[in-house]
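Let's take a walk through this structure, one stop at a time. Keep the 3D view open as you read.

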Amino acid sequence: MDNWVVRSKLSPSTRLRSLIARDELIARLQQVLQARAAVLHAPAGFGKTSLLANWRQDLSAAGVPVAWLSLDDHDRDPIQFLNYLTEACRAGGLIGSADPPSPPGGVTESPPRAIFGSLLTELNKCIGPHVLILDDFHRAETNDNCKVINQLLESLPENVHLVISSREISHALALASLRARDELIEIDHTDLRFNDQEIKAFLGSLVSASEKSNWPHALSQRTEGWPIALQTVRRWVTEGASLSETLEQLTGRSSDFSDYFLEEVFDNLNADVQTFLLRTSILERVTGDLANCLCDANNGWDTLEELERRDLFVQSLDRERTWYRYHRLFTEFLQERLRRRADESVPELHHTASSWFFNNGYVSEATQHAVASGKFAAVADLFEALGGWLFALQGHAGSVERALDVVGDSDLSSYPRLWLGKVFITVRQGETERGEAIFEELLASVGKHTEKDSQLECELLIMRSFLNVYADRPISDAEIRGLEELGGSLPHEDQVLHAARNNLLCTIYAQSGRFDECMAVGDKAIRNYRAMGSVWGEAFIYFHEGYACMAQGRLRDAEVLYTAGYDLAAEHFGEDGDQAAIANVLLAEAAYEKNNIHEATRLLDLSLTHIERFDAWLEVYVAAYTTALKLARAAHDEERLQKMLNRARSTAANRGLPRLRRIAEMQVLEFQLRDDDKGTDIRMSRPPEPADHPVLQRLAVSVSARRNLQQGNHTAAIDMLRQACQDASEQRLIRSFKSLSVLLAMALWDTGEHEAAISAFEAALSPSIFEGSKRIFIDEGDSLVQVIRDLARASEKQRGNRLRDRFLAELIMEINAARVQVAKNIGELSPREQEVLRYLVQGRSNREIAESIPISINTVKFHLKNIFEKLNVTTRKDAVSASIRRGIL
């Protein structure tokens, strides 16, 4: 035999080196010195040899003798295998250079037993730790060679440790007893794949700083940490490709990976296994029975177990080995080869898979493969059987939407529940008018049928009310009674329909102020959703119940419910989904009320654009835009305030929500009146109408009362506010009650009715202390400070409640802090600019200001120019208004 061939087998290639340190894996390998053996098994390209080569260098540096043997197909002969094993031990210093003897060619024809006995005798002479590494054992695996390994494991002295690297682990290797005695170190593909930190270390020096910060995680998801794939990425980036381009091109269909899979895996399999892999590649997960169904065979379980044992990019997903999956890139490679095979019908495979999943109770996967089949009749039949819109209501709106892409509008006449699904999806996308038109078409179609479907009639009634809620139309008492009576008509076991009805009633009760009923029916809906396993629906109930708590001034309870909804949504549908965005909006409103400005801003930044583009309803939009407007006013950012108002108007127009526009405009009008402006900058979208929404009711009273106060009609304002406070209290609208009571306290204080003012203020204060609700006080600014200070002094004299005293002190501090922040936001006015501004507020001309200071008229103009820039205004009138509004002087 060629001596060069012998030498090449007895040491790893010098090219095998890892570009990053894999210290944790090296440490795992180091543990073999206290164990009997180690096994590394993983598919091709997972860096087994590179890792062992690096470890070998560390061992040699530490003075530990290491024998290395790289195996190939020629080593399947047991005599040759033992001869090379002996040569490797001699080259690595595990045995002496003279014994056992061997002929000049480096091999011997002695019987295997004689060679093994002679080798074992020499190995027993070893002193100190010694390591024997067998690389690529799968290439030399035979029953005879496995027997040799088993004898080594049984007979080697304790200081000689065997390490085997292989793409698969043979059943013939006696490893179970070693595992049981904890004498085996195992490293598989899950250990060998790169984590995010290793990917960053491996590629970080090549990646542009402009790439998104989460690029290591994106690569990890795409490659599943497969080292050979990351090596390919490194080469592509080195050759000039950007990382974003690389991620787009990184598929198992690319020539690099396709050639690799062909040469290293696919071409080495027999035709039956190739067909098995191709047909099952359409699945995200596969079980033996499903494989049998797709392949028209009966050996699915055996094939999957064998593929996993051989580490052919197949892994089990559970301890029982019921479900398996393929590596993502390998799946893409297989799917591309399947697509090119003329003898396979991919749509038919999807149809078969859909039927199997549905018959075995795996609904989600059944719908996925039905849609992928493109067979409109099969899709329509399946989704109609699942309830159509009711299936969407369980959190499968995306699936229903994809089904509707397959089933044309003309085909829906025979599938009324799927037709209702189209209505539901259309409305959730913000196209309320179009959704209603589709619904009317459905009603006309159903009316032509002579046979009656009582359950469908119930569903149509629920959908009608659902449309009214989304279109922001008042729900009549008769309609509410109809929904309430509907409960007795629905099948007791139909959790989905009961959930839909209870969800709708929960929403309506919350909006109409029937809070106890809202919570009671909401809890029923939660039980319904839990019974059918729908966290999607459960999250919405938390939002409705939280809204009811918010209206009652129960800020803490609202936060708990909103957070529960967010946690469910984020866990099951992601932090960037519709429900998470809705929860963030509602939590932002709560954060603002607690004067947590930074958190409110952060949450709205995350969610406002999302709900504008996707799904929400009136109460969510009201919370979003009123909070956004309040944040803009708190920052005294008039440009941002106007932008937010315009966005609210745009959303109201696009979604057909007239009350949203009125509420946003009234909110800004209240700001102007609060800041002593006449409120003439806001043009209302229409003449005033009856205020039929709690927020609109409060704003209407506030705006009217403030106008009366500006005009000196204190009595009219006070009478109006007293009646509104009484009404809000009786309706348990405590949030509105607190806000109006604060305004009443200020009005009474201005008329000298200090005791009555403090009484009104106390009415707002008491429910606010426990809830931590501060912003209704802070937003009134300096106008309220004197009332708070007098109340605080009286409380201190009486040695009252410490919690109450601390809350009052915090209010004064935070009102002052808000004033300081205003100065920072607008830029500091110099002392001279403040002096000029003070005379400007007094109504003096430029000449009068110049004579009063004294300075030149041109200098006055220079200072006015700077003042206008810092206040972001263009006229003297606006400068006066802004300085008063912002409390600058």
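What follows is a short tour of a helix, two cavities and a histidine. Bear in mind that this is a predicted model.

Start at helix α35, residues 694-710. At 1.5 Å a residue, its 17 residues should span 24 Å, and the end C-alpha atoms are indeed 24 Å apart, so the two agree. The helix is mostly covered, with 12 of its 17 residues buried; among them are V695, R698, L699 and N708. The cover includes α26, α28, α32, α34, α36 and α37. Just past the end of α35, G712 takes a positive phi of about 85°.

Two of those buried residues lead us on to the largest cavity: V695 and R698 are among the residues nearest its centre, along with E593, K630 and R735. This cavity holds about 440 Å³ of space and has 28 lining residues. Helix α32 gives the largest share of the lining, 5 residues, while α35 is one of the elements that supply at least two. By class, the lining has 12 nonpolar, 5 polar and 11 charged residues.

Now for the second largest cavity, at about 270 Å³. Its lining has 17 residues, with L393, F466, Y470, N503 and H544 nearest the centre. Helices α21, α22, α24, α26 and α28 each give two or more residues to this lining, which by class has 12 nonpolar, 3 polar and 2 charged residues.

Last stop: H863, in helix α44. H863 counts as buried because its relative accessibility is 11%, under the 20% cut-off. Leaving aside neighbours within four places in sequence, H863 is in contact with R832, E833, V836 and I855.

Key. Residues are numbered from 1 along each chain as its sequence is written. This is a predicted model: local features need pLDDT of at least 70, side-chain atom pairs count only at pLDDT 80 or more; totals for chains, interfaces and linings use all residues. Side-chain values use heavy atoms; hydrogens and water are left out. Helices (H or I, at least four residues) and strands (E, at least two) are DSSP runs, numbered from the N terminus. The expected span of a helix is 1.5 Å times one less than its number of residues. Buried means under 20% relative accessible area, exposed over 50%, partly exposed in between (1.4 Å probe, protein chains only). Contact means heavy atoms within 4.5 Å. On a 1 Å grid over the protein atoms alone, a cavity is a set of points where a 1.4 Å probe fits but cannot get out, and a pocket is an open set with protein on both sides within 12 Å along at least five of seven lines; lining residues have an atom within 4 Å of a point. Grid points are joined across faces, edges and corners, and a volume is the space filled by probe spheres set on the points. Ala, Val, Leu, Ile, Met, Phe, Trp, Tyr, Cys and Pro count as nonpolar, Asp, Glu, Lys and Arg as charged, and the others, Gly among them, as polar.
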